[in-house]
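Here are some short exercises to work through with the structure open beside you. Try each task before you read its solution.

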Amino acid sequence: MHARAAIQELSETHTHGPDTEYRMVRGSERDTRAWLRSAPLCTTLATHRIAHAGVMTARAPYRIVRMHQGGLYFLACLEGEGRVLVDGVWKKCTAGMAVALPPFMVNAFHAVPGKIWRCCWVRYEQQPEQTPILSSSSPLMAPFAGAALWNAIEGLIEEAGNAAQPAAMFHWVELVQHYIERFAQPWQVDDRLHRIWEKVSANVGYDWTLDELAHQAHVSAEHLRRLCRKALGRTPMHHVTWLRMRKAAELLSTTNLKIETISHEVGYQNPFVFSNTFKKWIGWRPSEHRSRMGG
């Protein structure tokens with residue numbers, strides 16, 4: 001079928017069916033749709049702009065069509081077979097495959113009658129001027145071993161629905177994001193940002209400036225700002241802050257270092273400023289992050 005014809009025959013559809021089983025976790029209470037309301041809440045997902053994530057075993061008549069998806073949708077198949085609309089054509093999505101559907105375009109998939117479709121998914125929020133995860137603006141289907149991502153999402157669902165310890169949820173969320181980035185990284189057009197953030201991550205306590213980051217990338221400061229806005233939806237210095245907070249959360253979770261020491265380790269001489277910044281980015285203060293994990 002011609003791509004344009006395949007799209008024109010679609011209409012907004014949200015059919016789960018009685019035989020489809022799914023579990024999920026959501027990043028915000030703002031989404032009040034019936035199928036999401038019972039999902040446990042994990043606000044840490046918002047640090048990566050993840051709206052919700054889940055695991056499912058889908059069976060016909062499961063069918064989802066979103067005519068103007070608001071954020072990147074990532075789906076990995078572990079078993080069985082389904083169909084996903086890729087570049088206007090229905091394509092098989094079978095075990096060992098994954099698909100990334102970019103925002104602001106038709107997003108559609110369905111189960112095949114008589115077959116199960118065991119998948120996990122991650123749904124991102126997105127702003128029109130941002131490019132999420134993948135630099136490509138077209139759907140991408142490629143090989144992907146999804147078992148580890150499935151397990152990370154299940155771990156997050158269990159934690160969010162039971163103990164809900166911030167430090168534990170933080171690590172599950174970071175694993176989820178890591179596996180999505182592992183899929184995306186080979187398809188990135190420009191790896192200059194990747195090299196910069198590797199350097200920053202290795203030395204977050206350094207007094208990074210926009211000019212220094214631009215020098216490392218061999219571009220002007222303004223061009224670096226544009227690259228970061230497009231790829232991350234953040235300024236370069238905002239992303240430095242995020243990397244510092246991620247490192248701080250790791251140190252709070254895995255060491256007995258004093259909060260003041262961790263503050264200095266990640267580049268903050270004033271622990272009060274560090275605490276306020278950590279709360280803004282992670283959702284709670286460093287002391288709460290540690291106390292809730294029993295540290």
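Buried means under 20% relative accessible area, exposed means over 50%, and partly exposed covers what lies in between. Keep in mind throughout that this is a predicted model.

**Exercise 1. Unusual backbone angles**

Task: Find where Arg49 sits, and decide whether Arg49 is buried, exposed or partly exposed. Then do likewise for His218.

Solution:
- Step 1. Start with the background: most residues other than glycine have a negative phi, and most peptide bonds are trans.
- Step 2. Arg49 is not a glycine, yet its phi is positive, about 60 degrees.
- Step 3. Looking along the chain, Arg49 falls in the loop between helix H2 (34-37) and S3.
- Step 4. The relative accessible area of Arg49 is 24%, so Arg49 is partly exposed.
- Step 5. His218 is also a residue other than glycine with a positive phi, near 60 degrees. His218 follows H6 and belongs to the loop between H6 and H7.
- Step 6. With a relative accessibility of 67%, His218 counts as exposed.

Task: Which peptide bond is cis, with omega near 20 degrees?

Solution:
- Step 1. The bond runs from Ala60 to Pro61.
- Step 2. To place Pro61, look in the loop between S3 and S4.

**Exercise 2. Cysteines without a bond**

Task: How many disulfides does a search of the whole structure find? Use Cys77 to explain why a neighbouring cysteine is not enough.

Solution:
- Step 1. The search finds zero disulfides.
- Step 2. The cut-off to apply is that the two cysteine sulfur atoms must be within 2.5 Å.
- Step 3. For Cys77, the closest cysteine sulfur is that of Cys119, 4.5 Å away, and therefore too far for a bond.
- Step 4. Now check accessibility. Cys77 is buried, with a relative accessible area of 1%. Cys42 is buried at 0% relative accessibility.
- Step 5. Cys120 has a relative accessible area of 0% and is buried; look for Cys120 in strand S9 (residues 117-124).
- Step 6. Cys120 and Val55 are 65 residues apart along the chain, but their C-alpha atoms are separated by 4.2 Å.

**Exercise 3. Partners across the sequence**

Task: Place Phe109 in its strand, and state how far its C-alpha lies from that of Gly82.

Solution:
- Step 1. Phe109 is part of strand S8 (residues 107-111).
- Step 2. Its relative accessibility is 1%, so Phe109 counts as buried.
- Step 3. Phe109 and Gly82 are 27 residues apart in sequence, and 7.3 Å lies between their C-alpha atoms.

**Exercise 4. Helix faces**

Task: Which residues of helix H5 (residues 192-202) are buried, and how are they arranged around the axis?

Solution:
- Step 1. The buried residues of H5 are Leu193, Ile196, Trp197 and Val200.
- Step 2. Viewed down the axis of H5, these buried residues fall within an arc of 95 degrees, so they line one face of the helix.

Task: Repeat the analysis for H6, listing the buried residues and the exposed ones on the other side.

Solution:
- Step 1. Leu210, Leu213, Ala214 and Ala217 are buried in H6.
- Step 2. Their arc, seen down the axis of H6, is 100 degrees, so the buried residues line one face here too.
- Step 3. Asp211 and His215 are exposed on the other side of H6.

**Exercise 5. Nonpolar cores**

Task: Which residues have the most contacts inside the largest nonpolar core, and which helix gives the most to this core?

Solution:
- Step 1. In soluble globular proteins, nonpolar side chains tend to be buried together.
- Step 2. The largest nonpolar core has 31 residues, and Trp197, Leu224 and Phe278 have the most contacts inside it.
- Step 3. H5, helix H6 (210-217), helix H7 (221-232), helix H8 (236-254) and helix H10 (271-282) each supply at least two residues of this core.
- Step 4. H8 gives the most, with eight residues.
- Step 5. A second, separate core has 30 residues, including Ala76, Cys120, Ala142 and Ala160.

**Exercise 6. An enclosed space**

Task: How many cavities of 30 Å³ or more are there, and what lines the largest cavity?

Solution:
- Step 1. The count is one cavity of 30 Å³ or more.
- Step 2. The largest cavity holds about 110 Å³ of space.
- Step 3. This cavity is lined by 13 residues, of which His16, Trp35, Tyr62, Ile64 and Arg66 are the closest to its centre.
- Step 4. The lining divides into eight nonpolar, three polar and two charged residues.
- Step 5. Strand S3 (50-58) and strand S4 (63-66) each supply at least two residues of the lining.

Conventions: Residues are numbered from 1 along each chain as its sequence is written. This is a predicted model: local features need pLDDT of at least 70, side-chain atom pairs count only at pLDDT 80 or more; totals for chains, interfaces and linings use all residues. Side-chain values use heavy atoms; hydrogens and water are left out. Buried means under 20% relative accessible area, exposed over 50%, partly exposed in between (1.4 Å probe, protein chains only). On a 1 Å grid over the protein atoms alone, a cavity is a set of points where a 1.4 Å probe fits but cannot get out, and a pocket is an open set with protein on both sides within 12 Å along at least five of seven lines; lining residues have an atom within 4 Å of a point. Grid points are joined across faces, edges and corners, and a volume is the space filled by probe spheres set on the points. Helices (H or I, at least four residues) and strands (E, at least two) are DSSP runs, numbered from the N terminus. Ala, Val, Leu, Ile, Met, Phe, Trp, Tyr, Cys and Pro count as nonpolar, Asp, Glu, Lys and Arg as charged, and the others, Gly among them, as polar. The arc is that of the directions from the helix axis to the C-beta atoms. A nonpolar core is a set of buried Ala, Val, Leu, Ile, Met, Phe, Trp, Tyr and Cys residues joined through side-chain atoms within 4.5 Å.
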